[in-house]
Amino acid sequence: MSQIIAVTAGKGGTGKSTTSANIASCLAYQGKKTLIVELDFGLRCQDIILGINGNVRHDIGEYLEGKIDIMNATTKVERSENLSLVCATKNPFIEINPEKIIGVCEEMREYFDYIIMDTAGIGSSVFSVIKAADLILMVTTPDTVCVRDGAMLSDFLYVKNCVNQRLIINKVPVKFKDEEILYDLDEVMDTVGIPLIGVVPEDSEIRVCGSKGKPLPKGSAGFKAYDSISRRILGEKVPLSINID
Ligand SMILES: Nc1ncnc2c1ncn2[C@@H]1O[C@H](COP(=O)(O)OP(=O)(O)OP(=O)(O)O)[C@@H](O)[C@H]1O
Ligand SMILES: [Mg+2]
């Protein structure tokens with residue numbers, strides 16, 4: 001049974017695209033056929049993060065304009081046998097048509113185990129798309145503003161009957177060894193009010209690999225965090241912990 005996952009956040013820059021790319025990569029690494037549908041119209045980035053910048057021939061904008069079919073808008077991610085991407089359009093003036101996007105995801109269920117939507121912004125069309133997901137991953141940083149925005153979005157989605165939400169706390173600054181963790185993650189969880197599925201450390205390797213289009217090294221703290229989240233999505237019982245190199 002395939003699963004459609006929406007990665008979202010109340011605030012920009014929290015790490016939705018990085019989270020989508022890395023969780024999708026981990027699911028693909030574990031043998032699951034995985035597709036990322038990038039919805040950041042006008043501001044595509046998944047091609048860079050996944051190392052296929054320059055190889056993308058078609059995107060979802062051309063599909064929405066009726067120029068190509070959806071399979072032609074799908075690009076294989078070379079470094080991963082099981083991973084593909086439907087790239088966002090570079091044209092910010094093409095509107096997200098929720099019915100068509102949901103239609104694409106539903107159609108892709110036949111070919112992929114996991115369809116991960118990297119959502120962007122908040123507007124009625126994005127809400128409509130998120131509502132169609134089987135699972136919503138809410139990304140927040142521990143920053144107070146970001147947590148409050150995450151809580152507001154999460155509440156709104158609950159009201160709209162989107163109850164299957166899980167929280168990812170991203171960019172958690174972790175000091176080495178015996179020094180303290182700077183944020184109270186329990187408070188973040190309590191404020192947002194949804195079950196935690198994982199904590200991702202603030203890790204320069206995540207930023208550098210993302211901007212160079214390189215996969216995270218298997219032993220890195222970032223990889224371990226995304227790997228744990230992906231295993232929880234697969235239904236494995238993986239203890240919650242912050243991995244420190
Ligand atoms: N855990 C992390 N540690 C360090 N850097 C991170 C981490 N997660 C994301 N970043 C960096 O933060 C920046 C923003 O991340 P990203 O583009 O994924 O956010 P976003 O929520 O998709 O942004 P937007 O709202 O613009 O779509 C990027 O430079 C990314 O490499
Ligand atoms: Mg993004």
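Let me start at a single backbone angle, because it leads into the helix I want to discuss: just after helix H1, Gly31 takes a positive phi of about 90°. Please keep in mind throughout that what we are looking at is a predicted model.

Helix H1 itself covers residues 16-29, and its 14 residues reach 20 Å from the first C-alpha to the last, which is close to the 20 Å expected at 1.5 Å a residue. Of those 14 residues, 12 are buried, so H1 is largely enclosed by the rest of the structure. Among the buried residues of H1 are Lys16, Ser17, Thr19 and Ser20 towards the beginning of the list, and also Asn22, Ile23, Cys26 and Leu27.

Two of those names, Lys16 and Cys26, come back in what follows. Lys16 matters for reading Asp40, a residue in the loop between strand S2 (34-38) and helix H2 (46-49). Asp40 is buried and yet has no salt bridge, and the nearest side chain of opposite charge, that of Lys16, is 6.5 Å away, where the cut-off for a salt bridge is 4 Å. As for what does surround Asp40, once its neighbours within four places in sequence are left aside, this residue is in contact with Ala88, Thr89, Asp118 and Ala120.

Turning to the cysteines, how many disulfides does a search of the whole structure find? The search finds zero. Cys26 is accordingly in no disulfide, and the nearest cysteine sulfur, which belongs to Cys209, is 12 Å away. At 2% relative accessibility, Cys26 counts as buried. Cys105 is likewise buried, with a relative accessible area of 2%, and the closest cysteine sulfur to its own, in Cys162, is 14 Å off, which is too far for a bond.

Finally, I would like to set helix H6, residues 144-159, beside this account. At 1.5 Å a residue its 16 residues should span 22 Å, and because the end C-alpha atoms are 23 Å apart, the two values agree. The buried residues of H6 are Cys146, Val147, Asp149, Gly150, Ala151, Leu153, Ser154 and Leu157. In an α-helix there are 3.6 residues a turn, so residues three or four places apart point the same way. What covers the buried residues of H6 includes three strands, S1 (3-8), S6 (135-140) and S7 (165-172), together with helix H5 (124-131) and helix H7 (185-192). And, to end on a backbone angle once more, Asn161, just after H6, takes a positive phi of about 75°.

Notes. Residues are numbered from 1 along each chain as its sequence is written. Chains are lettered from A and ligands numbered from 1 in the order in which they are written. This is a predicted model: local features need pLDDT of at least 70, side-chain atom pairs count only at pLDDT 80 or more; totals for chains, interfaces and linings use all residues. Side-chain values use heavy atoms; hydrogens and water are left out. Helices (H or I, at least four residues) and strands (E, at least two) are DSSP runs, numbered from the N terminus. The expected span of a helix is 1.5 Å times one less than its number of residues. Buried means under 20% relative accessible area, exposed over 50%, partly exposed in between (1.4 Å probe, protein chains only). Contact means heavy atoms within 4.5 Å. Lys and Arg count as positive and Asp and Glu as negative; His and the chain ends are not counted. A disulfide is a pair of cysteine sulfur atoms within 2.5 Å.
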